[in-house]
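Grab a coffee and work through these exercises with the model open beside you. Each one sets a task and then walks through a solution.

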Amino acid sequence: MQVDSTSKYKEALEQAQNDAAYLFIPGVEVSDVSADGVPCAWHRAEGSNPNRVIFYLHGGGYVSCSLITHRHMMSRLSTTTSSLVLGVDYRLAPVHPFPCALEDAFTAYSWLLQQGFHAKQVAVAGDSAGGGLAVALLLKLKKEHPEDSLPSLLPSACILFSPWVDLTIGGKSLVENYETDRLFNPRRHTLRGSTQWLMAAKLKLQWKFVAKMYAQWPTRLDDPLVSPLYGSMDGLPPTMVHCTAEEMLLDDSLRLNEKMKESGVAVTCKVWERGMHVFPAFDPTSVETMLCLAEVATFLDSVWSGNERTEEDMRTGEVGRASPGEFDVQCDNSYLANNMTRSLPRLNSSLVLLGLMPGLVIGFFNMKLGATLLAFSVLGYAWSTRTLRTLRKKVHLKIQQSVHRDLNEMYKELYDGQAMEHPYTDT
């Protein structure tokens with residue numbers, strides 16, 4: 001008997017929708033709307049400013065996810081920023097490859113402006129592939145319209161969460177951060193040594209496979225509308241990027257930040273020491289998520305209140321903290337500590353190897369003495385590795401407690417003096 005896979009998928013999707021009550025945040029109204037044929041959804045938190053809109057493009061590698069999977073994320077954005085959020089349910093590959101997703105985003109954005117919203121009232125946002133799509137949308141707006149009309153078309157700001165902007169898979173962190181990535185390497189605690197690099201290389205090929213599902217032949221992966229990293233960033237609006245030091249797509253955010261900075265864009269890139277890829281969506285109750293969204297709200301307030309940079313401000317660097325020429329990747333002390341303590345076990349391994357070599361040489365002449373030296377080297381390695389891991393955890397805990405204290409003060413300001421209900425614990 002042949003199974004109708006389409007009906008089975010629809011049944012599973014309906015069941016998931018029924019079970020996903022946690023996706024709805026109290027006080028946030030969600031309503032579907034058609035933007036010239038593109039399915040979209042409004043997210044309105046109580047007390048939202050009707051003159052401020054976040055145009056949101058969800059992630060999922062251009063092949064998965066939807067408005068349902070990101071409903072919680074968009075609802076929290078509406079609540080934290082006190083603005084309307086319009087989510088776009090663009091078509092997905094491989095059934096609908098490039099440029100379908102970009103065309104849907106362009107159509108929905110044009111429809112939004114036709115509803116009476118001015119571009120200066122709109123901020124474009126996205127996570128992962130949606131972040132790359134958001135930048136591609138800005139490049140398409142520049143390409144499709146004359147330069148003198150861009151001020152009335154380009155949004156006032158751009159918010160990116162761990163954007164995927166290089167589909168050529170050229171970032172070194174795709175391999176270097178495989179060991180620490182919490183989303184794409186769920187077996188990170190069970191893999192060691194050369195196995196890590198082998199699995200990282202395999203996963204890199206899988207990334208390339210997903211990229212080709214979206215950018216199918218004859219589309220080139222380095223097309224600026226596919227990989228915005230290779231496009232011109234001149235004239236783009238103020239941008240805020242959030243990513244983590246542990247994720248495989250870290251280099252995409254850092255390289256995009258560098259290129260925007262060179263082009264004179266007012267860009268701020270925040271590298272969080274801990275957290276998985278797009279942690280505000282996947283870890284909504286964490287300390288880092290609440291602090292991240294609070295920073296987004298502060299950034300948008302500064303833009304929408306008329307404090308966006310003028311050309312003179314950008315030359316002098318008098319406004320904000322991300323003026324061109326500054327090193328504006330704001331690495332936390334915890335990020336630096338993470339890199340410092342991560343290098344200690346590697347140094348420890350090198351010293352142990354140096355200790356093993358004399359033991360092997362002496363073993364040729366005196367087996368008992370050589371075996372004793374080897375045993376002490378192995379025991380010393382085990383003890384020092386455990387000690388270093390404990391030290392790293394303590395350093396992280398101290399720094400995260402400091403972050404939590406700062407967050408608690410910001411949380412009180414956002415929620416009328418109400419303190420955070422749960423204490424910070426290091427997990």
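**Exercise 1.** Decide whether Ser128 is buried or exposed, and describe its backbone.

*Solution.* Start with the accessibility in this predicted model. Ser128 has 8% relative accessibility, and the cut-off for buried is under 20%, so Ser128 counts as buried. Next, find its place: Ser128 sits in the loop between strand E5 (122-127) and helix H4 (129-144). Finally, check the backbone angle. Ser128 is not a glycine, yet its phi is positive, at about 55°.

Asp36 makes a good companion case. Its phi is also positive, about 55°, and Asp36 isn't a glycine either. You'll find Asp36 in the loop between strand E1 (28-35) and strand E2 (38-45).

**Exercise 2.** Work out which peptide bonds at Pro99 and Pro218 are cis, and place both prolines.

*Solution.* Take Pro99 to begin with. The bond from Phe98 to Pro99 is cis, with omega near 10°. Pro99 belongs to the loop between strand E4 (83-88) and helix H3 (100-114).

Now go to Pro218. The bond that leads into it from Trp217 is cis, again with omega near 10°. Pro218 lies in the loop between helix H6 (194-214) and strand E7 (239-244).

**Exercise 3.** Check whether the length of helix H7 (residues 250-262) agrees or disagrees with its residue count, then list its buried residues.

*Solution.* H7 has 13 residues. The expected span is 1.5 Å times one less than the number of residues, so H7 should span 18 Å. Its end C-alpha atoms are 19 Å apart, which agrees.

On to burial: in H7, the buried residues are Leu250, Asp251, Asp252, Ser253, Leu256, Asn257, Met260 and Lys261. After the helix comes Gly264, with a positive phi near 85°.

For another helix, try H2 (residues 71-81). H2 is mostly covered, with 10 of its 11 residues buried. The buried set includes Arg71, His72, Arg76 and Leu77. Ser82 follows H2 and has a positive phi near 55°.

**Exercise 4.** Describe the surroundings of Thr239 and Met233.

*Solution.* Thr239 is part of strand E7. Its relative accessibility is 0%, so Thr239 counts as buried. For its polar partner, look at Pro237: the backbone oxygen there lies 2.9 Å from a polar atom of the Thr239 side chain. Leaving out residues up to four places away in sequence, Thr239 touches Cys158, Leu160, Met260, Val265, Ala266, Val267, Thr268 and Phe299.

Met233 is in the loop between H6 and E7. With 0% relative accessibility, Met233 is buried too. With the same sequence neighbours left out, the residues it touches include Val135, Leu256, Met260 and Val265. Met260 therefore turns up in both contact lists, and it is one of the buried residues of H7. For a link across the sequence, compare Met233 with Leu138: they are 95 residues apart along the chain, but 9.1 Å apart in space, C-alpha to C-alpha.

**Exercise 5.** Find how many disulfides the structure has, and compare the burial of Cys65 and Cys158.

*Solution.* A disulfide is a covalent bond between the sulfur atoms of two cysteines. Searching the whole structure turns up 0 of them. As for burial, Cys65 counts as partly exposed because its relative accessibility is 29%. Cys158, at 0%, counts as buried.

**Exercise 6.** Identify the residues with the most contacts inside the largest nonpolar core, then step back to the whole protein.

*Solution.* Keep the general rule in mind: in soluble globular proteins, nonpolar side chains tend to be buried together. The largest nonpolar core has 68 residues, and those with the most contacts inside it are Phe55, Tyr109, Leu112, Leu133, Trp164 and Tyr214. Zoom in on Leu133. Beyond its neighbours within four places in sequence, Leu133 contacts Leu57, Tyr62, Tyr90, Ala101, Leu102, Ala105 and Tyr214. A second, separate core has 25 residues, including Leu77, Ile159, Trp272 and Trp304.

Now for the overall picture. The protein has 12 helices and 9 strands, and 49% of its 427 residues count as buried. Among contacts with a separation of 6 or more, 76% join residues 24 or more positions apart. The accessible surface comes to about 21,200 Å², with 58% belonging to carbon and sulfur atoms.

Technical notes
Residues numbered from 1 in each chain as written. Predicted model: local features only at pLDDT ≥ 70, side-chain atom pairs only at ≥ 80, totals over all residues. Heavy atoms only, no water. Helix = DSSP H or I, 4+ residues; strand = E, 2+ residues; numbered from the N terminus. Buried < 20%, exposed > 50% of the residue type's maximum accessible area, 1.4 Å probe, protein only. Contact = heavy atoms within 4.5 Å. Areas by Shrake-Rupley, 256 points an atom, 1.4 Å probe, with all protein chains shown as cover. Core = buried A, V, L, I, M, F, W, Y, C linked by side-chain atoms within 4.5 Å. Disulfide = S-S within 2.5 Å. Polar contact = N/O pair within 3.5 Å; in protein donor to acceptor, adjacent residues only side chain to side chain.
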